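Work through the exercises below with the model open. Each task is followed by a solution in short steps.

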Amino acid sequence: MKDYAMNACWRSKDGKRDPSKKEAAVLALPAWEQACEAVLAKDCLALGARFCPVGKAAGEDRVRYELAPGAVVAVAGARSQAPQRAYVARADGTVEEISVTAAEDRIDPAGTARRAWRRRCSRVGLGERPFRFSAALGHGYEADTVYDWAGEEYVAACVRATARCVWLRAVTYEEAVSLGVA
């Protein structure tokens with residue numbers, strides 16, 4: 001079987017492309033990985049409907065998927081439910097690997113700022129629920145105040161403060177927008 005690499009365009013006997021045929025992108029993956037439509041679940045990249053392979057070269061352990069231009073593909077291992085890589089099919093018939101962040105932004109461009117804020121807060125280890133931290137006497141934290149945390153500006157909201165403990169949570173995206181920091 002012929003290896004068309006990233007080009008599934010039909011060629012005539014003389015080797016030239018047939019202008020009546022439209023070029024399609026082809027993604028070749030190891031047979032033990034699954035290619036799925038990239039979707040968002042809880043604002044994170046997830047696996048959607050699985051693509052059907054268009055062929056497998058004889059003697060190879062790779063399968064090929066034909067993709068429409070602009071298609072975003074999430075790839076995961078055979079038993080995995082979380083995407084490990086993402087690809088996008090270009091209009092020129094090539095397939096490019098992109099980051100998970102870029103895949104999320106291609107699927108939902110309107111939520112780019114919200115996801116960027118979520119990633120910023122997760123880098124510092126804070127979530128939506130308050131977490132108690134032991135603090136030195138005279139720590140200076142006050143309830144209902146937003147602080148810098150772990151090198152990120154304005155990400156920690158102090159919920160409660162005592163002489164020895166501080167309860168902090170991540171600032172929500174809505175709060176960040178109202179404060180003018182997101």
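**Exercise 1. The largest pocket**

Task: Find which element gives the most residues to the lining of the largest pocket, then describe that lining.

Solution.
- Step 1. Helix 2 is the top contributor to the lining of the largest pocket, giving 5 residues. Keep in mind that this is a predicted model.
- Step 2. The volume of the largest pocket is about 310 Å³.
- Step 3. The lining has 14 residues, and the closest to the pocket centre are Arg118, Glu128, Val171, Thr172 and Tyr173.
- Step 4. Two elements, helix 2 and helix 3 (173-179), each supply two or more residues to the lining.
- Step 5. Sort the lining by character: 6 residues are nonpolar, 3 polar and 5 charged.

**Exercise 2. From the pocket to a salt bridge**

Task: Arg118 is among the residues closest to the centre of the largest pocket. Which side chain meets that of Arg118 in a salt bridge?

Solution.
- Step 1. The side chain is that of Asp43, with an N to O distance of 3.9 Å. The cut-off is 4 Å, so the pair counts.
- Step 2. Place both ends. Asp43 sits in the loop between strand 2 (33-41) and strand 3 (44-50), while Arg118 belongs to helix 2 (residues 112-123), so the salt bridge ties together parts that are 75 residues apart in sequence.
- Step 3. Check exposure. Asp43 is buried because its relative accessibility is 19%, and the limit for buried is under 20%. Arg118 has a relative accessible area of 29% and is therefore partly exposed.

**Exercise 3. More salt bridges**

Task: How many salt bridges does the structure hold? Examine the pairs Arg90 with Glu96 and Asp105 with Arg115.

Solution.
- Step 1. The count is 14 salt bridges.
- Step 2. Take Arg90 and Glu96. Their closest N and O atoms are 2.1 Å apart. Arg90 is partly exposed at 27% relative accessibility. Glu96 is partly exposed too, at 35%.
- Step 3. Take Asp105 and Arg115. Their side chains form a salt bridge at 3.1 Å, N to O. Asp105 lies in helix 1 (residues 100-107) and Arg115 in helix 2, and the pair links distant parts of the chain, 10 residues apart.
- Step 4. Arg115 has 0% relative accessibility, so Arg115 counts as buried.
- Step 5. Join the pairs. One salt-bridge network links Asp43, Glu104, Asp105, Asp108, Arg114, Arg115, Arg118 and Arg119. Asp43 and Arg118, the pair of Exercise 2, belong to this network.

**Exercise 4. A sheet of three strands**

Task: What is the strand order of the open sheet of 3 strands, and which strands form its edges?

Solution.
- Step 1. The order is 1-5-4, and the pairing is antiparallel.
- Step 2. Strand 1 (25-30) and strand 4 (55-56) are the edge strands, each pairing on one side only.
- Step 3. Follow one pairing. Strand 4 runs antiparallel to strand 5 (residues 62-67), with 2 bridges between them.
- Step 4. Go down to residues. Gly55 has Arg64 of strand 5 as its bridge partner.

**Exercise 5. Cysteines**

Task: How many disulfides does the structure have? Are Cys36 and Cys165 buried or exposed?

Solution.
- Step 1. A search of the whole structure turns up 0 disulfides.
- Step 2. Cys36 has a relative accessible area of 2%, so Cys36 is buried.
- Step 3. Cys165 has a relative accessible area of 15% and is buried.

Notes. Residues numbered from 1 in each chain as written. Predicted model: local features only at pLDDT ≥ 70, side-chain atom pairs only at ≥ 80, totals over all residues. Heavy atoms only, no water. Disulfide = S-S within 2.5 Å. Buried < 20%, exposed > 50% of the residue type's maximum accessible area, 1.4 Å probe, protein only. Pairing = 2+ DSSP bridges. Helix = DSSP H or I, 4+ residues; strand = E, 2+ residues; numbered from the N terminus. 1 Å grid on protein atoms, 1.4 Å probe; cavity = no way out; pocket = protein on both sides within 12 Å on 5 of 7 lines; lining within 4 Å. Points joined across faces, edges and corners; volume = space filled by probe spheres on them. Nonpolar A, V, L, I, M, F, W, Y, C, P; charged D, E, K, R; others polar.
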